[in-house]
Amino acid sequence: MYTQALDIPEPRQQVREADASKADGLDAQRQTQFDTKIDGDRKIEPQDWMPEAYRKTLLRQISQHAHSEIVGMLPEGNWISRAPSLKRKAILLAKVQDEGGHGLYLYSAAETLGTSRDSMLDALHSGKAKYSSIFNYPTLTWADVGTIGWLVDGAAIMNQVPICRCSFGPYARAMIRICKEESFHQRQGFENLLTMMKGTLSQREMVQDAVNRWWWPVLAMFGPPDGDSPNSALGMRWGIKRISNDDLRQKFVDATVPQAQILGVTLPDPDLKWNAERGHQGYGAIDWDEFWAVVNGNGPCNKERLATRVKAHADGQWVRDAALAHAAKKRVREIKEAA
Ligand code: FAQ
């Protein structure tokens, strides 16, 4: 080679470039097929080609969702040993167990995107992964259990029913079963509160106090306002998210106001009024500083929740070891029998 200008590609480099341009062509073709499926509202399955950004967005959302279900077992789990009757204890046990099951379906759906459960759990335990802000609030009385069922599960259903139509098959299918179970959770919460509201004055006060504490964090749980939601545009384009954060929040407020009237509780917002022009309930300003403080690890119970999860995982190490040892022994036995 005499000068840079006379540089010609080495034969191997030429092959590489030809391969790259072929690959580019192939990727463009795959992208078109992917876009056609999305536009036609067809499902993307794990073996299908998908853009890396789609895979990443799904992994982010599904793993965060799975972590939320698992951490979400803790606030109500605290009340299993203190439930006021055998019936309430059986209902609460079943509910908390359901949330654990939801986490497992969701981790499995995320694994189909090529990640391991261990890496997702490492991200949770090291504090790198997010989970829903709502589970960083304390459960101070038995009325909190009913209020979580009514409001938190109610908000979860509002957010999750549209995800049953998510473009990614495994997530959409997991959500169908999850939503059926969440609907039972919401009803048991409402019925629990209704029973307390028919009880003594102090029971009614307990319910009102719990509703006062959970109302605003539940509204924030739908995520930041649409204008401050960096993931919404692509989530909507790809059919992962079907309804925006603000629209879901509004649907939830509209649905909850008449339920509060039936219960006989006051929702703690002086600005909560029917807006005839918009055809929706108007509501007051959400404290987004508090929301971001909680999301960033500084809520009332963040440290306690994470420490409990990390300890539970460490305490379960012997179970994982035993399962692996059993599987290894079984394999050896099968090989011997086949020989
Ligand atoms: N908490 O751009 P966007 C349940 C983050 S399950 C913490 O709007 P996106 C069942 C967000 O991740 C409850 N972080 O994000 C149950 C993003 O950060 P990143 C969980 C939040 O994804 C009941 C950043 O803010 N449900 O309750 C929160 O488009 C009772 C910017 O936000 C799901 O996970 C938050 N609340 O929309 C269990 C449903 N909101 O990732 C036990 C699936 C936002 O860029 C007991 N997820 N952030 O670092 C979704 O629908 C969506 O991911 C949203 C957020 C709506 C949560």
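A residue counts as buried when its relative accessible area is under 20%. The legends below describe close-up views of a predicted model.

**View A. Residue S63 in helix 2.** S63 is placed in helix 2. Its relative accessibility is 12%, so S63 counts as buried. The side chain of S63 reaches the backbone oxygen of L59 at 2.6 Å.

**View B. Polar contacts of the ligand.** Three residues are described here, each paired with an oxygen atom of the ligand. For R60, an N or O atom in the side chain is 2.8 Å from a ligand oxygen atom. For K130, a polar side-chain atom lies 2.6 Å from an oxygen atom of the ligand. P230 takes part through its backbone, with an N or O atom 3.3 Å from an oxygen atom of the ligand. On its own the ligand has 1100 Å² of accessible area, and the protein covers 91% of this area.

**View C. The pocket and the elements around the ligand.** The largest pocket holds the ligand. Two or more residues of the surrounding shell are given by each of helix 2 (52-71), helix 4 (86-111), helix 6 (142-160), helix 7 (169-197) and helix 11 (288-298). Helix 2 provides the largest share of this shell, six residues.

**View D. The residues of the ligand shell.** There are 35 residues around the ligand, of which R60, Q64, K130, S229 and K241 come nearest. Sorted by class, the shell consists of 13 nonpolar, 13 polar and nine charged residues.

How values were computed
Residues numbered from 1 in each chain as written. Predicted model: local features only at pLDDT ≥ 70, side-chain atom pairs only at ≥ 80, totals over all residues. Heavy atoms only, no water. Near = heavy atom within 4 Å. Polar contact = N/O pair within 3.5 Å; in protein donor to acceptor, adjacent residues only side chain to side chain. Areas by Shrake-Rupley, 256 points an atom, 1.4 Å probe, with all protein chains shown as cover. 1 Å grid on protein atoms, 1.4 Å probe; cavity = no way out; pocket = protein on both sides within 12 Å on 5 of 7 lines; lining within 4 Å. Sits in = over half its atoms within 2 Å of the grid points. Helix = DSSP H or I, 4+ residues; strand = E, 2+ residues; numbered from the N terminus. Nonpolar A, V, L, I, M, F, W, Y, C, P; charged D, E, K, R; others polar. Buried < 20%, exposed > 50% of the residue type's maximum accessible area, 1.4 Å probe, protein only.
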